[in-house]
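Reader: I am new to this structure and would like to go through it by question and answer. Could you show it to me?

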Amino acid sequence: MAYGAPNWRVELVEAHLDLFQAPLGNPTAAEGFPECEEGWWHILDTVCIRIRAAKKAGHGSFRFAQIKQKRGTLRIYWTGRLSSRADDGVRVAIELAEARSACTCEVCGSEARLVRNGGLLMTRCEAHTNATAVVVAPGLENMHIVQSVVEGRLSCECRRYDRGSDTFVDVDPALLGIRKG
């Protein structure tokens, strides 16, 4: 699949038919048919490859339900039943894809940042926007903070997405002023 392909969405679905529910001969009617711009096609291709690997490692069923842009970043929803191991692999694959979209221009795939155009949030490079950049406090760029309550105690996981290595790097919550519980 090449950038600039006129039917990149169709090519993506056809390349990963096992992950999409597509009526025979009609990939545009597939559940999960991407509702985003071409700049994220490589992110979607990568997440499909990672999901397939996770599924093989742990077995089960998987099908995209919806792929779209929301609040400036990629959102991926799915249905199916996976083993615990496969479910963990799919979760990480999707989290990485969504994090990468937050710093990748949806139009061209270049490095980008979140911008606001009126009430709309978008991730755009300088060449594809004249909108106002969303201000992020220094040190919190690409930060993902997940708080939950486990057995009555607050649990906090902080990590930063590193675009160069396409991985998450753990960050001590105390460095961000967050108490662990």
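Reader: Which residues does Arg124 touch, leaving out those up to four places away in sequence?
Author: This is a predicted model, in which local features need pLDDT of at least 70, side-chain atom pairs count only at pLDDT 80 or more, and totals for chains, interfaces and linings use all residues. Residues are numbered from 1 along each chain as its sequence is written, and side-chain values use heavy atoms, without hydrogens and water. With contact taken as heavy atoms within 4.5 Å, Arg124 touches Cys105, Glu106, Val107, Ala112, Arg113, Val115 and Thr129.

Reader: Is Arg124 buried or exposed, and which side chain makes a polar contact with its side chain?
Author: Buried means under 20% relative accessible area, exposed over 50%, and partly exposed in between, with a 1.4 Å probe and protein chains only. Arg124 has a relative accessible area of 12% and is therefore buried. For a polar contact, a pair of N or O atoms must lie within 3.5 Å, one able to donate a hydrogen and the other to accept it, and residues adjacent in sequence count only if both atoms are side-chain atoms. At 3.5 Å, the partner side chain is that of Glu106.

Reader: Which strands stand at the edges of the open sheet of three strands?
Author: Strands are DSSP runs of E, at least two residues long, numbered from the N terminus, and two of them pair if DSSP finds at least two bridges between them. The sheet has the order 4-3-5, with antiparallel pairing, and Arg124 belongs to strand 4 (residues 120-124). Those at the edges, each with a single partner strand, so that one side of each lacks a neighbour in the sheet, are strand 4 and strand 5 (132-133).

Methods:
Helix = DSSP H or I, 4+ residues; strand = E, 2+ residues; numbered from the N terminus.
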